[in-house]
Structure formats: C-alpha cells, structure tokens
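This report is a short introduction for someone who has not seen this structure before. It begins with one polar side chain and then turns to a helix, the nonpolar cores and the salt bridges.

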Amino acid sequence: MRKVVLVTGASSGIGLALCKRLLAEDNELYLCLACRNTGKAEAVRVALLTCYPTAEVTTVQVDISNLQSVFEAAKELKQRFQRLDYVYLNAGIMPNPHLNIKAFFSGLFSRKAIHMFSTAEGLLTQQDRVTADGLQEVFATNIFGHFILIRELEPLLCHSYNPSQLIWTSSRNARKSNFSLEDIQHRKGQEPYSSSKYATDLLNVALNKHFNQQGLYSSVICPGTVLTNLTYGILPPFLWTLLMPVIWLLRFFANSFTLTPYNGTEALIWLFHQKPESLNPLIKYLSATTGFGSNYVTVEKMDIDEDTAERFYQNLLELEKRVRVNTTQKSDHQS
C-alpha cells in the first residue's frame, strides 16, 4: 500500500527540496502538494512526475493564513483520502524582516558571532499585519492555520493500528522570551516569527499528550540556516556578497549552517524513517552539515514547560471556537 504524504508549502524552498528527497527515498509514494499558488504547484507536480513516474503526485490549493481556504482544502482531502501517513507542516512566513544593523555589526566581531548567525537572536524584527479573519498573519500562517488543518483532518490521522506522523518545520529562533500566553498572537511584540515557532514547539508537546493513544504523533525539526528567497531578502545583495565567504567558513565551527534547502531537509527525511512511538516529544531534531558538506541529524532538548504547552493548547481550542462561529457567519452572509 502506498504511503500518503501531505506537504504544505511544497512549491519552493524547504518544501520543494523535501518533496524531491521523499520521492528519492520511496518512488511509490502518494504525495500531495498543499500550496497557495496553483500554477507553481502544478509545475512542481509535472516536474516531480517526470523524474519519478511511478509515484502518485497531486495538488490541493490552500492558503494556510486564510481559514476558509483551510476548511475547503481539508474537505477536499477527506474526499480524496481515507488516511494520511505523514503531514509535513512546512508552510510559513517571516514578513518584512528588518535587520538590527547595530546588533549585527557588534555581534559580527564578538564571541557570539556563530550563535548570532545560527539563531538570528536579537537580529531580526518583522512588521506583522492582520488577516481577513482578524488574526495576526504570522500566527495564522505559521501555527493556527496548521492547527485548524490538523483538527479538520483528525479522521484521516487518528488510527491506533497504524500511526500517523505530524512533522513541523520549527526553528532555532524559537525563543521562550518572545512568547507570552497573554499574547499568543504576538500582537504587541516585534518578533512574531520567533514567537510563532516557540508556539509550534508548545503545540507539538500538547498534541502528543492528547493524541498519542489515538495513533497520532508529532515532532518538530529545525532546518538550520538555509539560504532561500526569504533569507536573501533580509540583507542587501552587496552584503550577501561580502558575507558568503564568512558564512562558508563558519560551517567549520558550527553545524547549523546547512545553507541549501536540500541540506536543510535532513531531519525531515530522517523522521520519515523513524518509528514515531520511539521519539521524545520534548526533543527538537536539527538538520546539521559539516564544514565539508556532509549531512547528519542532531538533537536539542526544548525549553518547554508541559503545563504551559497544555494552557496554550486550551487557548487554541477557545480561539478555534470563536473563529468557527465567525467563519460560519461569513459563509451564511455570502450565500
């Protein structure tokens, strides 16, 4: 029986590299690309089938930041599939990142340079905005839209006789200090990306507590420092030209500089081969690359309090109730 894999954000970056590597591992997969842009998704589907003609590759249109789109995509997926073996929750945004130039140059020539580049700690702020659903866009895209998708797909995921896996793309930038239970959407802060990734780690722990007995397991990974269109937009092109030799040199001192999307998927692929029952929900799995370009996986214990994780989960359930009412009212009004 073909394994069925759903990947959000599959048309570029980490998601696209993951799809290619998954099919290289198992060319009999049934792979579903969940993407916002249907044109890009279709082009990726055709390219993947050209390389792996024995696979089944389909697409589903979804804008994770738009709750109505999430509900519609989930409905379509439930009509197509009886189960999902793997769901890679990879789609995410870091809008309008602003570099703290002072912190950058002071850190560049300090002992914290490697840590700074590895985690972007203290370097980046973002300008968030509000979605049509009244949610902060980073929160909606990186965490809440995926949470609603999981809730909608529970009938395809919860089978105790044959476990399913949720695998989240988190980050080393997930910092406890940037998250607050009193402001889970990070409306008042300037680092919504870091907050959303810490929220991802919290949700991961809570999902394992609530769903492991039903055959659903969750894990989080960090792809490392990967150079994609998102990261290239942080600095002017001339600065990237100056920094690239330094970044390549840093790979000999820190394993987090994976640099390419292919390298960044190492932990995602490693988890594809693991028995989920054997994994520790408090561990984050990190893609790593040696100075000479060899990939491997390392682990990091997350700075997570299980009581906070549970309280966050309950907050999400309360928010879910409210948005479902609003979404229903919108649909009734439009009809």
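In this predicted model, the side chains of Asn 142 and Ser 196 make a polar contact at 3.0 Å. A polar atom of the Asn 142 side chain also lies 2.8 Å from the backbone nitrogen of Ile 93. Asn 142 belongs to helix H6, which covers residues 137-152. Is Asn 142 buried or exposed? With a relative accessibility of 2%, Asn 142 counts as buried, because the cut-off for burial is under 20%. Apart from neighbours within four places in sequence, the residues in contact with Asn 142 are Ala 91, Gly 92, Ile 93, Trp 168, Tyr 193, Ser 196, Lys 197 and Thr 200.

**Helix H2**

Helix H2 runs from residue 38 to residue 51 and has 14 residues. From first C-alpha to last, H2 reaches 20 Å, close to the 20 Å expected at 1.5 Å a residue. At the start of H2, a side-chain oxygen of Asn 37 comes to within 3.0 Å of the backbone nitrogen of Gly 39.

Which residues of H2 are buried? They are Ala 41, Val 44 and Leu 48. These residues lie on the same side of H2, because they cover an arc of only 65° around the axis. The buried residues of H2 pack against helix H1 (13-25) and against two strands, E2 (30-35) and E3 (56-61).

**Nonpolar cores**

The largest nonpolar core has 58 residues, and the members that touch the most others are Leu 6, Phe 144 and Phe 312. Leaving out neighbours within four places in sequence, Phe 144 is in contact with Leu 67, Leu 135, Phe 139, Leu 316, Leu 319, Glu 320 and Val 323. A second, separate core has 30 residues, including Val 7, Val 44, Leu 268 and Leu 279. Val 44 is also one of the buried residues of H2.

**Salt bridges**

Side chains of opposite charge can pair when their charged atoms come close. How many salt bridges are found in the whole structure? The search finds 15. Three of the pairs are listed here.

| Pair | Closest N to O distance |
|---|---|
| Glu 76 and Arg 80 | 2.5 Å |
| Asp 201 and Lys 284 | 2.8 Å |
| Glu 318 and Lys 321 | 3.5 Å |

The pair of Asp 201 and Lys 284 links distant parts of the chain, 83 residues apart. Asp 201 is in helix H8 (residues 192-211), while Lys 284 is in strand E9 (residues 283-289). Both partners are buried: Asp 201 has a relative accessible area of 3%, and Lys 284 has a relative accessibility of 2%.

Glu 76 and Arg 80 both lie in helix H3 (residues 67-80), four residues apart, which is about one turn of the helix. Glu 76 is partly exposed at 32% relative accessible area, and Arg 80 is partly exposed at 31%.

Helix H13 (residues 306-334) holds both Glu 318 and Lys 321, three residues apart, about one turn of the helix. Glu 318 counts as partly exposed, with 41% relative accessibility. Elsewhere, salt bridges that share partners join Lys 78, Arg 151, Glu 152, Glu 154, Glu 320 and Arg 324 into one network. Glu 320 is also among the contacts of Phe 144.

Conventions: Residues are numbered from 1 along each chain as its sequence is written. This is a predicted model: local features need pLDDT of at least 70, side-chain atom pairs count only at pLDDT 80 or more; totals for chains, interfaces and linings use all residues. Side-chain values use heavy atoms; hydrogens and water are left out. The expected span of a helix is 1.5 Å times one less than its number of residues. Buried means under 20% relative accessible area, exposed over 50%, partly exposed in between (1.4 Å probe, protein chains only). The arc is that of the directions from the helix axis to the C-beta atoms. Contact means heavy atoms within 4.5 Å. A polar contact is a pair of N or O atoms within 3.5 Å; within protein, one must be able to donate a hydrogen and the other to accept it, and residues adjacent in sequence count only if both atoms are side-chain atoms. A nonpolar core is a set of buried Ala, Val, Leu, Ile, Met, Phe, Trp, Tyr and Cys residues joined through side-chain atoms within 4.5 Å. A salt bridge is a side-chain nitrogen of Lys or Arg within 4 Å of a carboxyl oxygen of Asp or Glu.
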